[in-house]
Amino acid sequence: KFKLKVSYIIAGMIMLVQIVVMTGFYLFVNATLTANIRSNTIHAMETTVMERATIIEKYIGEAEAYLTAYSRAGEITALLNNPSNRDAQKAAQAYTEKFSTDRINLEGLYTSDWNTSILTHTNPSTVGLVTRTGESLEQLRTSLLEAKGVYNTGMIISPATGQQIIS
């Protein structure tokens, strides 16, 4: 009987040690794997965010260069210097339509006066539309005067089409 009790005690102790060791091993492996998976996931997400940020920055840079080239065209500057000149308006409208033909995903390209009356647009039916008045016009004017280079408003709802665009 005594030998039987001792053997049960020894077997129980061995089983208890095995349970403690296996539990410790499980906790260690689980913690290590969780930390590695978390670290790898965060690294992958950071890489994706950086790649997308680079794509967006490149897109904005290209769009700004495109708009700068458009704004410096003789037809556009002639119209802005004399907005009531019908010949200048026709030439600038033709230039706007031609300039925008090769641009993919272009919602619209336009020229407006200081009061945001559209003078030319890739959609000729919007010529004459006033896009801002009152406080929003004053905010725009302030932002335009403070901008260094192209004024970039980010994502907006287009007054011309009602669609979400990068302006």
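**A surface patch, a hairpin and a core**

Trp114, Leu144, Leu145 and Tyr151 make a nonpolar patch on the surface, with about 410 Å² of accessible area together. Patch members have over 30% relative accessible area (Shrake-Rupley method, 1.4 Å probe) and no salt bridge (a side-chain nitrogen of Lys or Arg within 4 Å of a carboxyl oxygen of Asp or Glu), and nonpolar side chains are joined within 5 Å.

This is a predicted model, where local features need pLDDT of at least 70 and side-chain atom pairs count only at pLDDT 80 or more, while totals for chains, interfaces and linings use all residues. Residues are numbered from 1 along each chain, and side-chain values use heavy atoms, leaving out hydrogens and water.

Reader: Is Trp114 buried, exposed or partly exposed?

Author: Buried means under 20% relative accessible area, exposed over 50%, and partly exposed in between. Trp114 has 45%, so call it partly exposed.

Reader: Where does Trp114 lie?

Author: Look at strands S1 (110-112) and S2 (118-121); strands are DSSP E runs of at least two residues, and helices are H or I runs of at least four. Trp114 sits in the loop between S1 and S2.

Reader: Over how many bridges do S1 and S2 pair?

Author: Pairing needs at least two DSSP bridges. S1 and S2 run antiparallel, and their bridges number 3.

Reader: Which helix gives the most to the largest nonpolar core?

Author: A nonpolar core joins buried Ala, Val, Leu, Ile, Met, Phe, Trp, Tyr and Cys through side-chain atoms within 4.5 Å. This one has 11 residues, including Tyr66 and Ala88. H1 (2-71), H2 (74-81) and H3 (86-99) each supply at least two. With 4 residues, the top giver is H3.

Conventions:
Patches are made of residues with over 30% relative accessible area and no salt bridge: like charges are joined within 9 Å, nonpolar side chains (Val, Leu, Ile, Met, Phe, Trp, Tyr) within 5 Å. Buried means under 20% relative accessible area, exposed over 50%, partly exposed in between (1.4 Å probe, protein chains only).
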